[in-house]
Amino acid sequence: MDTVKEKLQQLRAKLDQVEVLQKAEDTVKVPKEYLVLVSGVLFVALIFFGIGAGTLCSIVGFVYPAFKSFQAIESKNKGDDTQWLIYWVVYGFFSVIEIFESFLVYWIPFYYAFKLAFLLWAFLPQTKGAKFLYDSFLKDFLKKNESKIDAALEQAKKSAGSVAADASAVTTEAVKAVSGDGKKDS
């Protein structure tokens, strides 16, 4: 029991440096080390049991990288721009695959825990996982299929244009009908 108390005291000493936790402790009247431990347990439970895990993975995979991308754009160093562009290519590729394989996701235990680990591995500068995936797989795949991808995008652009034109025409007709411009005088 003394070991547990010692560990809690060590944790508290580290947490004393975080001002937000002090405010939370003062507000809820619960020691900050307990707040952090309970939050950690809830976080792990949410990830492993999938409750809100998809949303959490989306936030983790998007918010931090988006902020770091903004910082990279604003900095004079162009090396970090490349790192974040590569991350977004990998993230987009992974997201497209995930959309088409969503029915399989249901059957994979702890999918969101694995996805969160993958996203962290992909964007953390210590691991540079996105660069590894890009260099070892994606770059060759995309170069080999570049003309097919461009043709598919061009076709999608044409289809989207015709759908937008059709929707605009239908909307115009509906507005005329509602406003009475389409009625004949009797």
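Modeller: One definition before we start: a residue is buried under 20% relative accessible area, exposed over 50% and partly exposed in between, using a 1.4 Å probe and protein chains only. What you're looking at is a predicted model, where local features need pLDDT of at least 70, side-chain atom pairs count only at pLDDT 80 or more, and totals for chains, interfaces and linings use all residues. Residues are numbered from 1 along each chain as its sequence is written, and side-chain values use heavy atoms, with hydrogens and water left out.

Colleague: OK, let's try it out. Is Lys128 exposed, partly exposed or buried?

Modeller: You'll find Lys128 in the loop between α7 and α8; helices here are DSSP runs (H or I, at least four residues; strands are E, at least two), numbered from the N terminus. Lys128 has a positive phi of about 50° although it isn't a glycine. Its relative accessible area is 44%, so Lys128 is partly exposed.

Colleague: And what is the relative accessible area of Lys29?

Modeller: Lys29 sits in the loop between α2 and α3 (32-49). Lys29 isn't a glycine either, yet has a positive phi of about 60°. Lys29 counts as exposed because its relative accessible area is 68%.

Colleague: How far apart are the end C-alpha atoms of helix α5?

Modeller: The expected span of a helix is 1.5 Å times one less than its number of residues. Helix α5 (residues 79-100) has 22 residues, so it should span 32 Å. The model agrees with that, because the end C-alpha atoms are 33 Å apart.

Colleague: What about helix α9, how far does that one reach from its first C-alpha to its last?

Modeller: Helix α9 runs over residues 146-179, and just after it Gly180 takes a positive phi of about 95°. With 34 residues at 1.5 Å a residue, 50 Å is expected for α9. The reach in the model is close to that, at 49 Å.

Colleague: Back to α5: which helices do its buried residues pack against?

Modeller: The buried residues of α5 are Asp80, Asp81, Trp84, Ile86, Tyr87, Val90, Tyr91, Phe94 and Glu98. Take Tyr87: leaving aside its neighbours within four places in sequence, it is in contact (heavy atoms within 4.5 Å) with Gly61, Pro65, Leu119, Ala122, Phe123 and Ala130. As a group, the buried residues of α5 pack against α4 (53-74), α6 (102-105), α7 (111-123) and α8 (129-144).

Colleague: Which residues have the most contacts inside the largest nonpolar core?

Modeller: A nonpolar core is a set of buried Ala, Val, Leu, Ile, Met, Phe, Trp, Tyr and Cys residues joined through side-chain atoms within 4.5 Å. The largest one has 16 residues, and α4, α5, α7 and α8 each supply at least two of them. Those with the most contacts inside it are Ile47, Trp84, Tyr87, Leu119 and Ala130.

Colleague: Are α4 and α7 roughly parallel or roughly antiparallel to each other?

Modeller: Axes are lines fitted to C-alpha atoms, for helices over the stretch in contact, and angles run from 0 to 180 degrees between N-to-C directions. Under 35 degrees counts as roughly parallel, over 145 as roughly antiparallel, 65 to 115 as roughly perpendicular and the rest as oblique. The axes of α4 and α7 come within 9 Å and cross at roughly 5°. The two helices are therefore roughly parallel.

Colleague: Now the rings. Is the pair of Phe93 and Phe137 stacked, tilted or edge-to-face?

Modeller: Rings of Phe, Tyr and Trp (its six-membered ring) pair if their centres lie within 6.5 Å; planes under 30 degrees apart count as stacked, over 60 as edge-to-face and the rest as tilted. A search of the whole structure finds 16 aromatic pairs. In this one the ring centres are 6.0 Å apart and the planes at 65°, so the pair is edge-to-face.

Colleague: How many residues apart in sequence are the parts that this pair ties together?

Modeller: Phe93 is partly exposed at 24% relative accessible area, and Phe137 is partly exposed at 42%. Phe93 lies in helix α5 and Phe137 in helix α8, so the pair ties together parts whose separation in sequence, in residues, is 44.

Colleague: Last one: which residue of helix α1 is in contact with Glu33 and Leu37?

Modeller: The residue is found in helix α1 and is partly exposed at 24% relative accessibility. Its C-alpha is 9.3 Å from that of Val36, although the two are 25 residues apart in sequence. Leaving aside neighbours within four places in sequence, the residue in contact with Glu33 and Leu37 is Leu11.
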